[in-house]
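Hi,

Here is the structure I promised to pass along. Have a look at it first, and then read on for what turned up.

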Amino acid sequence: FLVTFSVLIFSTYYLNSELNFNYYYFVLLIFVGSMFSLNFSNSIFTMLLSWDLLGISSFFLVLFYNNWDSCSGAMNTALTNRLGDYFMFVFFGLSVFSGYYFLSFSMFSSYMSLLLLLTAFTKSAQFPFSSWLPKAMSAPTPVSSLVHSSTLVTAGLILLMNFNNLVLQKNFISFVLIIGLFTMFFSSLASLVEEDLKKVVALSTLSQMGFSMVTLGLGLSFISFIHLVSHALFKSCLFMQVGYIIHCSFGQQDGRNYSNNGNLPNFIQLQMLVTLFCLCGL
């Protein structure tokens with residue numbers, strides 16, 4: 001609620017000159033409603049409906065600027081997440097066929113646990129489904145702040161936390177740990193050579209999601225949740241600060257073109273320092 005409220009206020013500053021501003025607000029509110037529904041769902045059917053609404057609304061949000069870059073990013077996001085939706089559909093169908101419901105997953109087989117993990121990996125952009133997160137940065141910065149740092153990418157982790165007993169009962173903990181470590185490693189390497197400022201922050205998000213996945217793979221689901229909440233608050237704050245810099249630079253996103261003469265306002269510099277320290281765990 002706090003992040004959403006902040007992003008909605010920031011959107012009025014960032015996108016007030018856009019003609020289809022009301023359309024943006026409408027799709028964003030649909031996205032937020034489906035995310036809340038996913039968090040509070042008590043059945044697989046509502047979870048499946050919310051999961052699908054997340055994918056559809058995020059597709060239209062990435063497509064907001066209506067250019068070729070947005071189209072490429074939106075299609076990459078939609079198709080990768082649709083792959084995860086297929087895993088979810090199979091999981092849903094097998095669950096209904098077996099006569100199980102949300103709170104009674106006591107005797108699941110390994111392949112259903114694997115389906116659940118693959119579903120979570122696609123939505124949380126874990127390897128090998130990570131390409132859609134940097135591509136989705138063609139969306140407006142408020143969308144990146146809300147959707148691609150604090151809500152959509154956390155949906156897979158929230159799903160694994162809901163089915164924590166199911167995953168921990170099977171021999172998939174080491175699998176989750178290795179995937180999380182590999183995601184952290186290669187996203188950190190990619191961010192060293194990235195030139196787009198927003199994509200650098202997106203790759204940082206990818207690394208933090210990998211860190212949460214590692215914590216979950218160690219069996220520390222509560223600590224993973226705490227890290228998820230703190231990352232959502234401070235990474236969305238960082239995205240809004242980067243959005244302010246881009247807005248004041250007339251849409252310039254290439255980090256090599258920013259001068260280092262200290263022409264940023266002092267309160268923005270102070271906010272970025274505090275945010276980066278919090279993300280570093282200091």
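N66 sits in the loop that links α3 (44-62) to α4 (68-98). Keep in mind while you look that this is a predicted model. The backbone at N66 caught my eye: phi is near 55°, a positive value in a residue that isn't glycine. Most residues other than glycine have a negative phi, and most peptide bonds are trans. As for its surroundings, N66 counts as exposed because its relative accessibility is 60%, and the cut-off for that label is over 50%.

There's another positive phi at A125, about 60°, and again the residue is not a glycine. A125 belongs to the loop between α5 and α6. Is A125 buried or exposed? With a relative accessible area of 0%, A125 is buried, since that label takes anything under 20%.

The loop between α5 (110-123) and α6 (132-135) also holds P128. Check the peptide bond leading into that proline: from F127 to P128 it is cis, with omega near 5°.

Now the overall fold. How many helices and strands does the protein chain have? The count is 13 helices and 0 strands, so reading from the N terminus you meet one α element after another. The radius of gyration is 19 Å, close to the 19 Å that the globule rule gives for 282 residues, so the protein chain is as compact as a globular protein of that length. Along its principal axes, the C-alpha trace spans about 60 × 40 × 30 Å.

Some numbers on packing: 49% of the 282 residues count as buried. If you take the contacts with a separation of 6 or more, 75% of them join residues that are 24 or more positions apart.

On the outside, the protein chain exposes about 13300 Å², and carbon and sulfur atoms supply 69% of that. One spot to look at is a nonpolar surface patch of about 840 Å², made by L2, L218, L220, F222, I223, F225, I226, V229 and L233. Which element gives the patch its largest share? That would be helix α12 (residues 221-248), with 6 residues. L233 is found in that helix, α12, and it counts as partly exposed because its relative accessibility is 36%, which falls between the 20% and 50% cut-offs.

Give me a shout once you've had a look.

Cheers

Terms used: Residues numbered from 1 in each chain as written. Predicted model: local features only at pLDDT ≥ 70, side-chain atom pairs only at ≥ 80, totals over all residues. Heavy atoms only, no water. Patch = residues over 30% accessible without salt bridge, like charges linked within 9 Å, V, L, I, M, F, W, Y side chains within 5 Å. Areas by Shrake-Rupley, 256 points an atom, 1.4 Å probe, with all protein chains shown as cover. Salt bridge = Lys/Arg side-chain N within 4 Å of Asp/Glu carboxyl O. Helix = DSSP H or I, 4+ residues; strand = E, 2+ residues; numbered from the N terminus. Buried < 20%, exposed > 50% of the residue type's maximum accessible area, 1.4 Å probe, protein only. Rg over C-alpha atoms; globule rule 2.2 N^0.38 Å. Contact = heavy atoms within 4.5 Å.
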